[in-house]
Amino acid sequence: MPASPSTARAINDRLALRLLQQEGPLTAGQLKQLTGLSRPTVADLVDRLTASGLITVVGESGAQRRGPNARLYGIVADRAHLAALDVRTEGVLVLVSDLLGRVLAEASAPIGGDTGTGPAVEQAVAAVENAAKEAGADRLHTVGIGAPGLIDPATGDLRDSAGLPAWHRSLAATLVDRLSGARVTVENETNLAALAEQREGAARDRDTFVLLWLGHGVGAAVVLDGTLRRGASGGTGEIGFLPVPGTDTLPSAGDCAGGFHSLTGAAAIISLAGEHGLPAPAAVDGPGAAEVVRGAAAGVPVGGAVADATAEADAAPARFLRALADRVAVGVASVVAVLDPGCVVLGGEVGQAGGAVLAGLVEERLRRMSPLVTEVRASSLGGTAVLRGALLTARDRAQDELFAPPERSGG
């Protein structure tokens, strides 16, 4: 059946808004060319979107041209303000942006491990409120949160996970109460990192890939045919629990010690570096492990020179990177055997720090372990990917509502 006039208008409006989002300000003539719509139809949609406060005239296309077609129309960026949160065990990172995703303010709130649930939530919420105030936002329309742990696919809530602070599970509900009805979305941090790498990072040309997060802990996100896969219980990618050779025991339902985490978590990486005579970082965490890996990779050229390193100064970093690549390849090979994604991105602080050197070593090791051709790439976003993914999620949700026709958006 042909679309009704109101449905057709809604489709045309959303098409125009998406083009303005992707291309930046456009004239009515450019919208006509890009959409294939008639001039009267474009004129009508421009009038509708202007009247609704979604677009406005932001300039002119050239000094020699005048008239309606010379006006440049752009999305009203301050129609909605968004917040993104990266919730860590030791605190929270926050940024606030406009509807187009331009970052207007950033904040952080370190939270000690002995801080009670109430005070911890209050510190995190205060960081959000302060960032919103700095950005000049009267209210936040949508908030995207990235957090470690499992997200219940039925409710969207963060599930109780062993080892994670209790304040993580209380934060979203408190934000809803305190932020005047802001829409709050919670997603697993590794899934958000994969979204960011797909849209802005190392996997922009891939609709099927796996992101292996290497940071304080280890996790994975699976994107198949352009869609993020969460699994029946939201646990797709809990690769830290994967039983692997080379550990002293097996993981349990409540503890990933003995699993892949014991080979590639931050503590394991730093311990491995110590075994190879490399200096220990100040902190045993994701940034500390990244510091060690970055230092080792800096002295090793890309392209197989690791195997040829003979100078005493280069031997220890080279051996360390080879040993780390062997460990990483064990987990990657298991994922590849089941999913055959064709591409694995080494994400997180450690993946980015290892760069092309570590990625190349893992790919080389993988070729010897698996008959399935798999490209291994280094993250281009690293530890910032979670915040970027949370922002992209918040922006998508806000635009889905604001760009919808009035009868669907509730006015």
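**A tour of the largest cavity and helix H6**

Begin by selecting Val210, Leu212, Ile239, Gly331, Val332, Val335 and Val344, the residues that line the largest cavity. The model on display is a predicted one. With these residues shown, the enclosed space at their centre amounts to about 40 Å³. The structure contains one cavity of 30 Å³ or more.

Next, colour the lining by residue class. Six of its residues are nonpolar and one is polar, while none is charged. Because Gly counts as polar, the polar member of this set is Gly331.

Now display the secondary structure around the cavity. Which elements each supply at least two residues of the lining? They are strand E8, spanning 209-214, and helix H10, spanning 312-339. Of the contributors, H10 gives the most, with three residues.

Move then to helix H6, residues 189-200. Its twelve residues reach 16 Å from the first C-alpha to the last, close to the 16 Å expected at 1.5 Å a residue. At the start of H6, select Asn188 and Thr190: a side-chain oxygen of Asn188 comes to within 2.9 Å of the backbone nitrogen of Thr190.

Finally, colour H6 by relative accessible area, with under 20% as the cut-off for buried. Why is H6 described as largely enclosed by the rest of the structure? Ten of its twelve residues are buried, so the helix is largely enclosed. The buried residues are Glu189, Thr190, Asn191, Leu192, Ala193, Ala194, Leu195, Ala196, Glu197 and Gln198. Thr190, whose backbone nitrogen is approached by Asn188, is thus among the buried residues of the helix.

Technical notes:
Residues are numbered from 1 along each chain as its sequence is written. This is a predicted model: local features need pLDDT of at least 70, side-chain atom pairs count only at pLDDT 80 or more; totals for chains, interfaces and linings use all residues. Side-chain values use heavy atoms; hydrogens and water are left out. Helices (H or I, at least four residues) and strands (E, at least two) are DSSP runs, numbered from the N terminus. The expected span of a helix is 1.5 Å times one less than its number of residues. Buried means under 20% relative accessible area, exposed over 50%, partly exposed in between (1.4 Å probe, protein chains only). A polar contact is a pair of N or O atoms within 3.5 Å; within protein, one must be able to donate a hydrogen and the other to accept it, and residues adjacent in sequence count only if both atoms are side-chain atoms. On a 1 Å grid over the protein atoms alone, a cavity is a set of points where a 1.4 Å probe fits but cannot get out, and a pocket is an open set with protein on both sides within 12 Å along at least five of seven lines; lining residues have an atom within 4 Å of a point. Grid points are joined across faces, edges and corners, and a volume is the space filled by probe spheres set on the points.
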